[in-house]
Amino acid sequence: PAVRTAISKLSDALTTFAPQERSNDRALFDFTLDRLFPDNPVLGGNELELLCDGAAVYPRMLEDIRKAQHSIRLESFILAEDSVGSRILSALKERAEAGVEVQVLYDGVGSFPAYLRRLIFHRRSKIQMKAFSPLSLFAPWRVQLRNHRKLLVVDGVIAYSGGINISEENEHTSRVPARAYIHDLHCRICGPATAQFTMQFFRDWLFTTGRHIPVAEDFPLPKAAGKTNLRVIDSGPGENYEAARMLFLTASALAKETLVIITPYFVPGKGFIDALTLAAARGVEIKLIVPAHNNHWYVAYAARSFYRTLLEAGVRIYEKQSYFSHTKALLADGSWGFMGSSNCDCRSFHLNFELDFCFEGGSFPSTLTRQIFRELADSHEITLADVERKNPGKIFLEDLCSMLAPIL
């Protein structure tokens, strides 16, 4: 009863955070998403802090975890058994022993190398840890359905979401060779939208375990923390199926002047390639930023098979140098867009369980714009002449890899 009462009061309070006015740039985007995702409303009054790489993210996470009073909910595709994973788990264990309710979801394939050891850890601690869709001989088809979401919610008032997993590869430590470093972005979020992140965790926990776990403290009455409007959108088989795909298509259709896409894996299929070429034909200046050095070589080859089509349509393509870039972000017209776990590829569009958030207003679009300039400064622009210089063997390999696009 206490939980039902808290949720009822929260639902009533959230209606007061519906944006009363929307900018012209965002109005059509919001109207379209209202129709596509009526159960995922936009909420005003949020504050977003953009964090770059694990060196910035993990200390903030640990600080908030250690201050938790009631609950900690963590969900990650990769929860590595390394120095970073150990620090996070130790902090969670400490709070659990202090009486804080702690639940952890990790993907059964993404975190598979540590699966058995984590089962042992689970039995010895007060943390409730569960593997999402673990490998099973009786349901081998589930190997394709991965929970790619990254989410941390503390006391129902602070949320972390974006592209960063729990791994020392994101921290760039001396224990990791430079070739394995990962560059990525994440956000620390305060405000009414944290309630939507909390509910998303509970849905995933219920799907995984068949049990409800919320406590009333998970649903405090929302308070305005900033001026950014947010809409949290889950995507995956079941509810909001192909929502990630619809987000990318909607943005490409509604961008008026500029569209920047940063993605580590670019194999979206012909439909989205056509959408980008049509947007470019409307006069939209489109910039696509992908890593020059990919951790999956076959995905890089598949992505490059689309370069000629995009370049001939007027899309500008940049390859991010130095470390592998796992960053995922979209910014349209310098004022609205989305971030989260979704790659611009068929796996995120059709197979993975993903979590993204659309933003508009406040200072966050300007902050992301500055970060995009930094990404471009460390990128090499690909020209049509570069594509035409490729040898036939490389072209054949690119075309061969592109045939695997539906499962990459």
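Which residues point one way from E6, which point the other way, and are they buried or exposed? The points below take up this question first and then move outward to other parts of the structure, which is a predicted model.

1. In strand E6 (residues 158–162), Ile158, Tyr160 and Gly162 point one way while Ala159 and Ser161 point the other way, and all of them are buried. This arrangement can be read against the general rule that in a regular strand the side chains alternate between the two faces of the sheet. The strand is accordingly described as mostly covered, with five of its five residues buried.

2. E6 has antiparallel partners in E5 and E8. Strand E5 (residues 151–154) is joined to E6 by four bridges, the two running antiparallel, and within this pairing Val153 stands opposite Ala159. The hairpin of E5 and E6 has three residues between the strands, and Asp155 takes a positive phi there, near 55 degrees. Strand E8 (residues 185–190) pairs with E6 over five bridges, also in the antiparallel sense, and Arg188 in E8 is the bridge partner of Tyr160.

3. Strand E18 (residues 354–360) is likewise mostly covered, seven of its seven residues being buried. Glu354, Asp356, Cys358 and Glu360 lie on one side and Leu355, Phe357 and Phe359 on the other, so that acidic residues are included among the buried positions.

4. E18 pairs with two strands that deserve inspection together. Seven bridges join E18 to strand E9 (residues 228–235), the two running antiparallel, with Arg231 having Cys358 as its bridge partner. Strand E16 (residues 336–340) pairs with E18 in the antiparallel sense over five bridges, and here Gly337 stands opposite Phe359.

5. Helix H6 (residues 194–209) has 16 residues and reaches 23 Å from its first C-alpha to its last, which is close to the 22 Å expected at 1.5 Å a residue. Its buried residues include Phe197, Phe201, Phe202 and Trp205, as well as Gln196, Gln200 and Asp204. The helix is followed by Gly210, whose phi is positive, near 80 degrees.

6. The largest nonpolar core has 50 residues, and those with the most contacts inside it are Leu259, Phe266, Phe272 and Leu310. Helix H7 (residues 243–254) gives the most to this core, with seven residues. Leaving aside neighbours within four places in sequence, Phe266 is in contact with residues including Phe272, Ile273, Leu288, Phe306, Leu310 and Cys344. A second, separate core of 38 residues includes Cys187, Phe202, Ala329 and Phe357.

Methods
Residues numbered from 1 in each chain as written. Predicted model: local features only at pLDDT ≥ 70, side-chain atom pairs only at ≥ 80, totals over all residues. Heavy atoms only, no water. Expected span 1.5 Å × (residues − 1). Buried < 20%, exposed > 50% of the residue type's maximum accessible area, 1.4 Å probe, protein only. Core = buried A, V, L, I, M, F, W, Y, C linked by side-chain atoms within 4.5 Å. Contact = heavy atoms within 4.5 Å. Pairing = 2+ DSSP bridges.
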